[in-house]
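Morning, everyone. I have one structure for you today, and I'll keep it brief.

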Amino acid sequence: MGRKFCVGGNWKMNGDKATITELAKVLTTGPLNADTEVVIGCPAPYLSLTRSLLPDTVNIAAQNCYKVAKGAFTGEISPAMLKDLNIGWVILGHSERRAIFGESDELIADKVVHALAEGLKVIACIGETLQEREAGQTEAVCFRQTKAIADKVKDWSNVVIAYEPVWAIGTGKTATPEQAQEVHAALRKWFTENVSADVAAAIRIQYGGSVTAANCRELAAKPDIDGFLVGGASLKPEFVQIVNARQ
Ligand code: PGA
């Protein structure tokens, strides 16, 4: 084992200067468990502000970036720009990017490859919809989304996988610890069989989907759950408790 617990906050398209400043005070006061890696996914316009407000021990992530360094891609941001702003992480392949903005497995894989090549760390999101789960396709979907990335990524040391069942995101319907553990274990087995035993043992797999202070400890107790990606609750003071779920 020995995988460092990693908790991400995904603020999505929320916040303004005033609320982010308040939230940064809460996070700075913490206390945040030093054994947990913390990554805050912040809206692009506020990346620098958030970076300036938080201690270096808290990592900042963009919520998206493009697959090339620069050029005629109106509206996009590049990993090079993020590095230039001292932003070390990016969240890629979130289900909202896939569903609302039509991002394909292949585009997401290209983005992951380029972000890694530019020196960013990546939270790569995967997960099935309710329809897919009910059709018994949970593993097939998660494996397909992971394989698209695995076909292009050779070094996994800077990748965290976020397993986020779409039906659990923003719905208050958390996967049970058993449901989450089952998929996490299946993913780790997939890595053993398709990448390597070393990568399978080392890669961190976060759970995401309606994680709260009330349910985080039970989830964190599962052997293959190595952290969380938290949406709604990351905008609230209870995020501190979620960071500290493993304490
Ligand atoms: P939620 O979102 O915690 O609000 O369900 C999770 C996510 O989308 O990453």
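Let me start with a pair on the outside. Glutamate 193 and lysine 189 are both exposed, where exposed means over 50% relative accessible area, buried means under 20%, and partly exposed lies in between, with a 1.4 Å probe and protein chains only. Their side chains meet in a salt bridge, 3.4 Å from N to O. The rule for a salt bridge is a side-chain nitrogen of Lys or Arg within 4 Å of a carboxyl oxygen of Asp or Glu. Why do glutamate 193 and lysine 189 sit about one helical turn apart? Because they are 4 residues apart in helix H8, residues 177-194.

Now the ground rules. This is a predicted model: local features need pLDDT of at least 70, side-chain atom pairs count only at pLDDT 80 or more, and totals for chains, interfaces and linings use all residues. Residues are numbered from 1 along each chain as its sequence is written, and side-chain values use heavy atoms, with hydrogens and water left out.

On to the fold. The protein chain has 11 helices and 8 strands. These are DSSP runs numbered from the N terminus: helices are H or I with at least four residues, strands are E with at least two. The 8 strands close into a barrel, in the order S1-S2-S3-S4-S5-S6-S7-S8, with parallel pairing. Neighbouring strands of this sheet are turned by 25° against each other on average, direction ignored. For angles, axes are lines fitted to C-alpha atoms, for helices over the stretch in contact, and values run from 0 to 180 degrees between N-to-C directions. Pairing requires at least two DSSP bridges between two strands.

Take one pair of strands. S1, residues 6-10, runs parallel to S2, residues 37-41, over 5 bridges. Glycine 9 has isoleucine 40 in S2 as its bridge partner.

Outside that pair, look at helix H5, residues 105-117. H5 lies across S4 (89-92), S5 (121-126) and S6 (159-163), at about 175° to S4.

What about overall dimensions? The radius of gyration is 17 Å, which agrees with the value near 18 Å for a compact globule of 247 residues. That radius is taken over C-alpha atoms, and the globule rule is 2.2 Å times the number of residues to the power 0.38. Of the 247 residues, 51% count as buried. Contacts, meaning heavy atoms within 4.5 Å, are mostly long-range in sequence: among those with a separation of 6 or more, 72% join residues 24 or more positions apart.

Back to charges. How many salt bridges are there by this rule? The count is 17. One of them joins arginine 3 to aspartate 224, at 3.9 Å, N to O. Arginine 3 is in the segment before S1, and aspartate 224 is in the loop between H10 (216-220) and S8 (227-230), 221 residues apart. Arginine 3 is buried, at 13% relative accessible area. Aspartate 224 is buried too, at 13%. Both belong to a salt-bridge network with Arg188 and Asp226.

Last, the backbone. Most residues other than glycine have a negative phi, and most peptide bonds are trans. Here, a cis bond joins glycine 30 and proline 31, with omega about -5°. Proline 31 lies in the loop between H1 (17-29) and S2. Lysine 12 has a positive phi, near 50°, and is found in the loop between S1 and H1. Serine 210 has a positive phi of about 60°. Its place is the loop between S7 (204-208) and H10.
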